[in-house]
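User: I should be grateful for a close look at one part of this model, with enough of its surroundings to place that part in the whole.

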Amino acid sequence: MDGWAREGLVRRRVRVMVTLLVIASPAASGPTAGAQPEIPTPGPLAEPRPLRQVGAPADLTRAAIPPDNRQTPQKIALGEKLFFDGRLSADGTVACGTCHDPARAFTDGKRVSIGIGGRAGQRNAPTILNALYNKTQFWDGRVTTLEEQAALPIVNPVEMGQPSLNAAVARIAAIREYQDAFQEVFGGRPNGPDLLRAIASYERTQLSFDSPFDHFIAGDASAIDGAAKRGWELFNTRGRCNKCHALTDAERDVTNFTDHDFHNIGIGIIRHNVVALARQAEQLINSGDPAAIDRAAVQTEMSALGRFLITKKESDIASFKSPNLRNVLVTAPYFHDGSQETLWDVVDHYNKGDGLQNPYLDEDIQPLALTEDDIDDLVAFLASLTSGDYRERAVKELARQRAVSRTTRPQRDTARAFDPKPPRAPLPHP
Ligand code: HEC
Ligand code: HEC
């Protein structure tokens, strides 16, 4: 029987309670200020997803549940409620769901995210779908667990803007329904660590497989078309994508499409003087204060330093996490800074081996000599990684991106794509 559904009866009772909470919450229904987006209503796409999906790795899913935060239907329902409750933010208007909207595959569709007071950050919101499998969280991997992760947006001044986690707890601790729910789930009053546990526990129900590609791998040869099949070949051969979007490049990886590692692939580095920024960042990194590093990553130009902000290693300058590629078609725009609009732009970037003047560029980035047909095939493969839950959205989004790509291809540089690999730029030693 399905794990989270086992206690279905209890869950239904909890859901009635949660529905009452939503109605009682002014933030969920009230007006929103200026350019600030509204908190989405959690519809069917916000529901915990079945453990059994074609392509879902049962062993990895089990291993992703920490022993000190086991899943229960009541805890998951409490976490879902908190995820969509604006009252956790300083002015009551921003929830996790504002930037991680289930209808948009838990992203916001914006280049960079907008938090309280319409304030913009520096980074593109990744999806929380399959985040339970991440070895580290955030584009620079600055924390490892979903519990640690959830604490940071609550106190980030351009996200949810609370002065402290306890200030967020205080906002909900006076609400009777939350008192009852925390009592039932954790046996005590609302508090920070339990609030983070509940949110993380909800996020761990968001596994997303069952894509056409998964059906193809499971043996249905007609689940994807010829273009996607050719794209899958290219991904593992001439396209060199498997160098970073696979657990090892020796064996084909059909699960999470990431090496869980960090690489400089030449995004954003041209726009920033990273050497000067790295010098500026040293003191901050030495402080080791997670909230301060979070502010630097989300709010300042130091964002461009990527993994360096965590490790202080020169080779990590402007390195970012290889993201899981599942549902990538419906999570545009792309890269940590949301700088690319379409998957065609992403593949154009790789095709020219962008970053000639970038001394920290990963060795696996080089001109690929992909033809226009090859590029279309790679995009078809990436599109085939969309979960069945987002099928309709995927059809529309692919049509939109294709239309854009027929008129604008800002990253296309066919001459460079067919050039030999350029010599490596020397390290400047900041
Ligand atoms: C204002 C928009 C905003 C809000 C509100 C927000 N996030 Fe995010 N989230 C982001 C952005 C942007 C990133 C990437 C930041 C980075 O990597 O430095 C992110 C990253 C994440 C990640 C890491 C995913 C990965 O693949 O590395 C998770 C998980 C996550 N958020 C969950 C949450 C939770 C839980 C909340 C509420 C407590 C929340 N977010 C609130 C915008 C937001
Ligand atoms: C050297 C390692 C490396 C190689 C090779 C590589 N990638 Fe990536 N990929 C990354 C990293 C790191 C990021 C995030 C970079 C950033 O945001 O600055 C990324 C981001 C992406 C994204 C954007 C995802 C999102 O959610 O924004 C897509 C799509 C993608 N890669 C597809 C591909 C394809 C297709 C190929 C082969 C043509 C490829 N990658 C080759 C490491 C790599």
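Which helices each supply at least two residues of the shell around ligand 1?

Analyst: The model is a predicted one. In it, the helices that each supply at least two residues of the shell around ligand 1 are α5 (96-99), α6 (146-155) and α13 (290-299). Of these, α6 gives the most, with 5 residues. The whole shell comprises 27 residues, and the closest to ligand 1 are Cys96, Cys99, Gly115, Phe138 and Pro153. Sorted by class, the residues around ligand 1 are 17 nonpolar, 8 polar and 2 charged.

The domain assignment helps to place these helices. The protein chain is divided into domain 1 (8-203), domain 2, which is made of two segments (212-266 + 321-417), and domain 3 (274-317). Helices α5 (96-99) and α6 (146-155) fall within the bounds of domain 1 (8-203), whereas α13 (290-299) falls within those of domain 3 (274-317). The shell around ligand 1 therefore draws on helices of both domain 1 and domain 3.

Ligand 2 offers a useful comparison. Its surroundings also count 27 residues, the closest being Cys241, Cys244, Ile267, Phe335 and His336. Here the helices that each supply at least two residues are α15 (343-351) and α16 (372-383), and α15 provides the largest share, 4 residues. By class, the shell around ligand 2 holds 17 nonpolar, 6 polar and 4 charged residues. Both α15 and α16 lie within the second segment of domain 2, 321-417. The centres of domain 2 and domain 3, taken over C-alpha atoms, are separated by 28 Å.

A helix pair is also described within the residue range of domain 1. The axes of α4 (residues 73-83) and α9 (residues 192-203) approach within 7 Å and cross at roughly 95°. Because of that angle, α4 is roughly perpendicular to α9. On the α4 side, the contact is made by Lys75, Ile76, Leu78, Gly79, Glu80, Leu82 and Phe83, and on the α9 side by Leu195, Ala198, Ile199, Ser201 and Tyr202. Counted by class, this contact has 8 nonpolar, 2 polar and 2 charged residues.

As for the chain as a whole, its secondary structure comes to 18 helices and 2 strands. The radius of gyration is 22 Å, close to the 22 Å that the globule rule gives for 430 residues, so the protein chain is as compact as a globular protein of that length. Along the principal axes, its C-alpha atoms fill a box of roughly 65 × 55 × 40 Å.

Conventions
Residues are numbered from 1 along each chain as its sequence is written. Chains are lettered from A and ligands numbered from 1 in the order in which they are written. This is a predicted model: local features need pLDDT of at least 70, side-chain atom pairs count only at pLDDT 80 or more; totals for chains, interfaces and linings use all residues. A residue is near a molecule or strand if its C-beta atom, placed from the backbone, lies within 6 Å of it. Ala, Val, Leu, Ile, Met, Phe, Trp, Tyr, Cys and Pro count as nonpolar, Asp, Glu, Lys and Arg as charged, and the others, Gly among them, as polar. Domain bounds come from an automatic or database domain assignment. Axes are lines fitted to C-alpha atoms, for helices over the stretch in contact, and angles run from 0 to 180 degrees between N-to-C directions. Angles under 35 degrees count as roughly parallel, over 145 as roughly antiparallel, 65 to 115 as roughly perpendicular and the rest as oblique. Two residues are in contact if their C-beta atoms, placed from the backbone, lie within 7 Å. The radius of gyration is taken over C-alpha atoms; the globule rule is 2.2 Å times the number of residues to the power 0.38.
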